[in-house]
Amino acid sequence: MNAVLAEIYSTIIPSAPYIIAAYAAIWVILLVWLFLQFRKQNKLAAQLDVLEEALAEKD
């Protein structure tokens, strides 16, 4: 193996678990955020339905 490549791999490979953990953490955070946003959207849609029904009854 080329000496330069050996040096590069020796610096990159030990940090690989940290890089993988960072990517995994980012994906988990993104998925949790999306789940919370969808939940909030569903609650707002339900509230909007109740409001529309109340306005329809009032008219």
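Buried residues, meaning those under 20% relative accessible area (exposed is over 50%, partly exposed in between, with a 1.4 Å probe and protein chains only), make up 0% of the 59 residues in this protein. This is a predicted model, where local features need pLDDT of at least 70, side-chain atom pairs count only at pLDDT 80 or more, and totals for chains, interfaces and linings use all residues. Residues are numbered from 1 along each chain as its sequence is written, and side-chain values use heavy atoms, with hydrogens and water left out.

So what's the overall build? The protein has 2 helices and 0 strands (DSSP runs: H or I of at least four residues for helices, E of at least two for strands, numbered from the N terminus). Its radius of gyration, taken over C-alpha atoms, is 25 Å, well over the 10 Å from the globule rule (2.2 Å times the number of residues to the power 0.38), so the protein is more spread out than a compact globule. The C-alpha trace spans about 80 × 15 × 10 Å along its principal axes.

Now for the surface. Ile 19, Tyr 23, Trp 27, Leu 30, Leu 31, Trp 33, Leu 34 and Phe 38 make a nonpolar patch of about 870 Å². Asp 49, Glu 52, Glu 53 and Glu 57 gather in a patch of negative charge. Patch residues have over 30% relative accessible area and no salt bridge (a side-chain nitrogen of Lys or Arg within 4 Å of a carboxyl oxygen of Asp or Glu); like charges are joined within 9 Å, nonpolar side chains within 5 Å.

Here is one residue from each patch:

| Residue | Helix | Relative accessibility | Class |
|---|---|---|---|
| Ile 19 | H2 (residues 16-58) | 42% | partly exposed |
| Glu 57 | H2 | 70% | exposed |

Methods: Areas by Shrake-Rupley, 256 points an atom, 1.4 Å probe, with all protein chains shown as cover. Lys, Arg positive; Asp, Glu negative; His and termini not counted. Charge placed at Lys NZ, Arg CZ, Asp CG, Glu CD.
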